[in-house]
Amino acid sequence: MSRTMLMVGTRKGLWLGMSDQDRAAWEWSGPHFPMEEVYSVLIDRRGEETRLFAGCSSSWFGPQIRRSDDLGASWQETPNGAVRFPDDAALPDGSAATLARIWQLTPGVEDDVVWAGTEPAAIFRSEDRGETFELVRGLWDHPHRPEWQAGFGGQAFHTILPHPTDGSSVLAALSTGGVYRTSDGGSSWAPANEGVKAEFFPGERNFPEFGQCVHKVARDAVEPERLFLQNHGGVYRSDDGGDSWRDIAPGLPSEFGFAIVTHPHEANTAYTFPIEDAGGRWPVEGRARVCRTTDGGAHWDTLGEGLLPDDFYAAVMRDAMCTDDHQTPGLYFGARNGALWCSPDADGSWSEVRSGLPDVMVVRAAALP
């Protein structure tokens, strides 16, 4: 029977969970990196040994990407943190760019490529499986960058989606700036926000070329040109790789939220965790629920009735919900009250597998041999 691994990054360290395929009983280690913010993690199974990555931020030593080739028993660091801005990288006001956080770690299509999204908003690329990274200058030098704004949680690239059959094609999203795409490996980038609303802009600027507060984008597992997007306001679907988007929020308790996740094997199936609104960043009516569509957003079902808590006033952040990739996948979410929930069939059953953790920022899961 295969195993299941969980990485849970919090504002005060990293926890690792291991279970079998049933995902009923868990063994835990942690905290790894106590009192460091962990906003991004990655379970990379492409090599002979599974490599774990953790994007950490220390108030004393700054950001650092750590990696482990023994499932977290030991960790390696890279001199100078692996990700650093070059000396000539300047912010729009002319000051030197200084890395604050690593918001995203994503494997490339190529065996040794790893992508990193950061705050301030930038993307870095590694060609040696995460040991060193270089700034993607085509995006950093983009003429739109001076007009990107900081969202409530900062300004960062939180989504990086390489196309599964073409490593030179990558979709990325930031808050606040919207969706951007490259088809040449990162040399040039163009916005891809047609149909996505920016409700905070006045009048006719509600649908600008860029500037949207995109919270997360996920790719369909079967149809790679199909994408699902959770916006600051609105849930959207694209069937053309981001050329255009249409609103699929009708039927949801709220169009506001942070996380959106797709099923690892089935087409047109996505999950979101609705939040009341920007002013009340907790589940709608304080009821923790996951909403699922199996038809690309035409209809939504509510999961967790009678199983997930009703008196729940903690948000689930953009990277704090995920699936594993067992044949019958599990669905997970961690909340800002330190609770971690699992549905081992991504459907009708739920259990709280951890409580009392620090503020959960990222959850990733994978099946291991």
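**Figure 1. The side chain of D324 reaches the backbone nitrogen of H326 at 3.2 Å.** A second backbone nitrogen, that of G330, lies 2.8 Å from a polar atom of the D324 side chain. Both pairs are polar contacts, meaning N or O atoms within 3.5 Å; within protein, one must be able to donate a hydrogen and the other to accept it, and residues adjacent in sequence count only if both atoms are side-chain atoms. The model is predicted: local features need pLDDT of at least 70, side-chain atom pairs count only at pLDDT 80 or more, and totals for chains, interfaces and linings use all residues. Residues are numbered from 1 along each chain as its sequence is written, and side-chain values use heavy atoms, with hydrogens and water left out.

**Figure 2. D324 sits in a loop between strand 23 and strand 24.** Strand 23 spans 321-323 and strand 24 spans 331-334. Strands (E, at least two residues) and helices (H or I, at least four) are DSSP runs, numbered from the N terminus. D324 is buried, at 1% relative accessible area. Buried means under 20%, exposed over 50%, and partly exposed in between (1.4 Å probe, protein chains only). Leaving aside neighbours within four places in sequence, D324 is in contact with T4, R23, P264, P329, G330, Y332, A365 and A366. Contact means heavy atoms within 4.5 Å.

**Figure 3. C56 is part of strand 5.** That strand covers residues 51-58. C56 is buried, with a relative accessibility of 0%. Residues up to four places away in sequence are not counted here; beyond them, C56 touches F33, E36, E37, V38, G62, P63, Q64 and R66. G9 is 47 residues from C56 along the chain, and their C-alpha atoms are separated by 8.9 Å.

**Figure 4. The views belong to a protein chain with one helix and 27 strands.** Its radius of gyration is 19 Å, close to the 21 Å of the globule rule for 369 residues, so the chain is as compact as a globular protein of that length. The radius is taken over C-alpha atoms; the rule is 2.2 Å times the number of residues to the power 0.38. The C-alpha atoms fill a box of roughly 55 × 50 × 35 Å along the principal axes. Buried residues make up 59% of the 369. Among contacts with a separation of 6 or more, 49% join residues 24 or more positions apart.
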